Structure formats: structure tokens, C-alpha cells
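Hi,

Here is the structure I promised to pass on. Have a look at it first, and my notes follow underneath.

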Amino acid sequence: MKIDRIETFLVPPRWLFCRVETDEGIVGWGEPVVEGRAEVVRSAVEVLAEYLLGQDPLRIEQHWQVLTKGGFYRGGPVLSSAVAGLDQALWDIAGQAYGAPVHALLGGPVRDRVRVYSWIGGDEPGEIAEAAAAQAAAGLTGVKMNASGRLAAIPTPAEIDAIVRRVAAAREVLGDDRDIALDFHGRAGAAAVRRILPELAPLRPFFVEEPVLPDQPHHLHDIVTCSPVPVATGERLYGRAEFLAPLQAGVAVVQPDLSHAGGISEVRRIAALAETYGAVLAPHCPLGPIALAASLQVAFATPNFLIQEQSIGIHYHQGSELLDYLVDPEPLRFTDGHIARFDTPGLGITVDEAAVRAAARTPHAWRNPIWHHDDGSFAEW
């Protein structure tokens with residue numbers, strides 16, 4: 001069996017899909033994307049496809065090594081995301097060729113269902129409460145929310161109180177039987193986080209995500225040491241080596257993204273590394289159906305898995321929903337806050353190719369917002 005054709009599709013709301021076809025008619029799908037830079041990743045996929053065409057798709061590890069190390073200049077989100085999507089597609093092909101779900105090829109399942117959570121928005125406590133209530137009504141047992149909008153380097157007491165009020169509003173609605181994760185998105189500096197986390201501790205957040213920017217891992221040890229709340233990070237880290245310093249600093253939760261951090265192959269290795277430090281895996285995934293399916297395959301087979309992010313029904317899916325690109329959306333539907341294990345060969349989903357091709361006729365050009373502080377200086381989004 002040989003790889004015969006590789007195509008990419010820019011589809012709304014902000015995703016990039018890739019389709020890998022073999023000469024035996026087996027087709028694998030992947031999701032190689034950097035949100036806001038999808039066109040750049042598309043170009044990287046086209047360059048990497050030069051090597052893959054004509055190759056045996058079942059030599060997944062060999063191809064991963066060549067794609068990540070075959071260039072003198074390595075790493076970074078664009079290359080790693082391009083490799084990630086192609087890696088997902090190759091695992092999809094392998095599962096179909098062997099007649100087994102990917103989780104079986106990874107050593108077999110260790111759980112029957114995967115706990116999932118969703119993001120809730122809103123800048124005001126009333127909006128947070130309403131969104132949290134909606135997710136609870138949908139059956140979710142965990143949510144994640146932004147800690148704040150723009151945040152000063154040293155927050156005022158009023159800014160800190162606003163963060164606490166927003167989390168308190170969610171806790172009041174959700175009660176003590178559901179979890180609230182809090183995402184700082186790198187907007188707060190180390191000094192700010194050290195001041196804020198003790199104030200949040202009585203509300204018992206599930207974890208605090210990305211308390212400092214990913215290029216400041218030297219602060220993580222101090223934050224972990226002073227934090228009464230578990231610390232998570234990893235959505236903007238792209239390989240095992242980048243996770244080593246956060247794990248040595250004592251982070252409790254690692255959050256690699258299956259569409260950014262080298263795909264199924266590398267995230268499995270990141271999870272194993274985390275396990276040696278007693279940390280758990282909670283993959284980042286505010287993306288489309290292929291990325292979610294790949295994440296779930298890893299979750300089914302990973303002992304130190306905690307919870308899976310998913311974006312079904314999230315606010316920025318205006319005009320295009322994650323499930324719209326599937327022939328049968330049932331495998332990705334959740335009940336009682338969980339997605340049940342599915343055993344269909346490959347990634348376990350059937351992409352609606354006609355819907356993808358139709359959507360790609362009007363490709364998106366999504367860009368993340370650019371924020372500024374009141375004085376005109378750049379602010380982290």
C-alpha cells in the first residue's frame with residue numbers, strides 16, 4: 001500500500017483538514033492547524049507531502065521521525081501542527097488497514113468512557129452563571145472559563161475581586177459536584193498569579209491553566225509551590241522536550257494539543273513522560289471533529305488521562321458546527337458528561353467528504369483578536 005494523494009481543506013469556522021488517500025482506496029483524515037495561521041500550516045503540509053507521496057502509510061513512526069527531524073531547522077507550532085495532522089491521518093489509515101480502532105493499536109483501552117468538559121464565556125458574573133447552567137443542563141460535569149479579560153501586570157484589588165466574583169458565580173450554579181477549571185491564557189504575570197490564586201482557593205478550582213506564558217517556565221516552580229490550586233499548562237508546547245521543565249517544576253496537568261504537538265504519536269509519549277512525574281493528561285482541543293476523535297483515541301488508551309476538552313456548540317462556531325462535518329455524529333455525543341468508547345476502525349469517525357469539499361469552496365481566514373491596554377500597549381489575548 002502506498003500514499004497516492006494528499007489534499008487540504010480550509011473549512012469554517014477556523015479549521016484545516018487533510019485527506020490522505022492510498023492506492024488501495026483507504027482514506028485517512030487529520031486536522032493540521034494553528035488557529036489564526038491555518039494557511040501557513042497548509043503550506044507546510046504541502047511541503048511535507050513531497051516526502052510522503054509514494055510511501056507506505058503504515059510506517060508511521062519512521063515517517064514521524066523523518067517529518068520532524070528531516071529538516072535542519074526543526075520544531076515550532078507550524079511544522080509540529082503540520083506533522084500532527086498527517087500523523088492523525090496515518091493512524092486513521094492504519095486502523096482501517098488492520099481493522100481496529102486506533103486505541104487498540106496503542107495497546108488497548110484502559111477505560112470505557114472519557115470525561116469531557118466545555119468552555120464557557122461571558123465577562124460578567126450573570127453571563128457566566130447562565131452559561132454554566134446551560135452546560136450543566138446539557139449533562140456536563142466540568143466547565144472551563146477564562147479568569148479575566150485584559151489584565152494589568154500588577155492587578156488592582158478591583159481586578160482581583162472581579163475574577164473571584166466570576167468564579168464564585170459559576171460555583172454557585174454548579175455546586176460542589178461539578179468542576180470549574182480556570183484559564184489565565186498567559187494574561188497574568190507571575191506576580192499577579194501569586195496574588196490571585198490564594199484568593200481563588202476557597203472556590204476550589206479544578207485547575208488553573210497557563211498561569212504564565214509558555215516562554216516563562218522558570219516561574220512555574222514558584223507558582224506551583226505557592227499555589228493551593230493544581231497548575232496546568234501545555235497547549236502552546238509542541239514536544240516532549242518542552243514539557244520537561246514544567247513537569248520538573250511540579251505542574252499537575254499537562255495539556256498538549258493533538259493537532260499541535262506532533263499528533264497521536266508524540267502526545268502518547270508526552271503522556272508517558274508526565275506519568276513518570278505523577279502528572280495527568282488533559283488534552284487541549286477547542287478544534288474540529290478529527291482533532292477530537294484523535295484525542296479520544298489517546299484518552300481511551302492512556303492510564304494517566306484526566307479529562308478531555310471539546311468544543312461542541314461553542315460560541316465561535318457560528319455558521320459551522322463541529323458535528324456538521326460527520327456522516328454520523330453519534331460517536332462524539334456525550335451522555336452524563338462522558339463520551340463512550342467506540343470501536344470503529346481507525347479514528348472511529350466517518351468524515352462527510354461532500355460537506356468538507358462544499359465548505360472549502362468558501363475558505364475561512366480566521367484571525368485571533370488583537371488586544372491593547374488602555375495606554376495603547378499590546379495586551380495578551
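Two strands count as paired if DSSP finds at least two bridges between them. Keep in mind that this is a predicted model.

With that in hand, take strand E2 (residues 15–22) and strand E3 (residues 27–30): they pair in the antiparallel sense over four bridges. One of the partnerships joins Glu21 to Val27 in E3. The hairpin of E2 and E3 has four residues between the strands, and Gly25 takes a positive phi near 90° there.

E2 has a partner before it in the chain numbering too. Strand E1 (residues 3–11) pairs with E2 in the antiparallel sense over eight bridges, and Val11 has Trp15 as its bridge partner in E2. E1 and E2 also form a hairpin, with three residues between them.

So is E2 covered or not on its two faces? Both faces are covered: Trp15, Phe17, Arg19 and Glu21 are buried on one side, and Leu16, Cys18, Val20 and Thr22 are buried on the other. That fits the count for E2, with eight of its eight residues buried.

Now for the helices. The axes of helix H2 (residues 60–69) and helix H10 (residues 263–276) come within 10 Å and cross at roughly 90°, so H2 and H10 are roughly perpendicular to each other. On the H2 side the contact is made by Ile60, Glu61 and Trp64, and on the H10 side by Ser265, Glu266 and Arg269. By class, that contact has two nonpolar, one polar and three charged residues.

Cheers

Note on methods:
Residues numbered from 1 in each chain as written. Predicted model: local features only at pLDDT ≥ 70, side-chain atom pairs only at ≥ 80, totals over all residues. Heavy atoms only, no water. Axes fitted to C-alpha atoms, helices over the stretch in contact; angles between N-to-C directions. Parallel < 35°, antiparallel > 145°, perpendicular 65-115°, else oblique. Contact = heavy atoms within 4.5 Å. Nonpolar A, V, L, I, M, F, W, Y, C, P; charged D, E, K, R; others polar. Buried < 20%, exposed > 50% of the residue type's maximum accessible area, 1.4 Å probe, protein only.
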